Amino acid sequence: MANGEALGLLECKGLVALMEGTDAMLKAANVEMMGWDKAGSGMVTAFVKGDVAAVKAAVDAGAEAAGRVGTVVSVHVIARPHDELGGMMPKKKGAAAVAAVKK
């Protein structure tokens, strides 16, 4: 992540709540989806990045939207995350992976 960017996390119980929240995050502010991950027992987390104010606004909007259809477990914004934190992020799925899923 570039200097001045932030990382936003939205953790929910259930994929439907996470999808609703992620949709709201992407619509609410100029943020980029970095991916999502599942931890088990229905716990799923979405990751977005952008400037600090945009990420904060996105995470707030996402938590509100997800809370209307499910359970929000946690939200967090990390301003200027350390470069090595990127190794913990989920890998983006490429076009080949998406095409394989569609078959």
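Trainee: Let's start with strand β1 (residues 5–13): how many bridges join strand β1 to β3?

Mentor: The two strands run antiparallel. Strands here are DSSP runs of E with at least two residues, while helices are runs of H or I with at least four, all numbered from the N terminus. Strands pair if DSSP finds at least two bridges between them. For β1 and β3, the bridge count is nine.

Trainee: What kind of model are we looking at?

Mentor: Residues are numbered from 1 along each chain as its sequence is written, and side-chain values use heavy atoms, with hydrogens and water left out. Local features need pLDDT of at least 70, side-chain atom pairs count only at pLDDT 80 or more, and totals for chains, interfaces and linings use all residues, since this model is predicted.

Trainee: Okay, which residue in β3 stands opposite L9?

Mentor: Stay with the antiparallel pair β1 and β3. Opposite L9 you'll find F47.

Trainee: And on the β2 side, which residue is the bridge partner of G40?

Mentor: Strand β2 (residues 32–40) also runs antiparallel to β3, with seven bridges joining them. Their hairpin has two residues between the strands, and S41 there takes a positive phi near 55°. Across from G40, the bridge partner in β3 is M43.

Trainee: So which are the edge strands of the sheet?

Mentor: Read the order of this open four-stranded sheet: β2-β3-β1-β4, with antiparallel pairing. The strands at the edge each pair on one side only, and they are β2 and β4 (71–79).

Trainee: Is strand β3 mostly covered or uncovered, and how many of its nine residues are buried?

Mentor: Buried means under 20% relative accessible area, against over 50% for exposed and in between for partly exposed (1.4 Å probe, protein chains only). By that cut-off β3 (residues 43–51) is mostly covered, and its buried residues number seven.

Trainee: What angle does helix α2 make with β4?

Mentor: Helix α2 (residues 52–69) packs on the sheet, touching β1, β3 and β4; contact means heavy atoms within 4.5 Å. Axes are lines fitted to C-alpha atoms, for helices over the stretch in contact, and angles run from 0 to 180 degrees between N-to-C directions. Between α2 and β4, that gives about 180°.

Trainee: Last one: what length does α2 reach from its first C-alpha to its last?

Mentor: The expected span is 1.5 Å times one less than the number of residues. With 18 residues, α2 is expected to span 26 Å, and its actual reach is close to that, at 26 Å.
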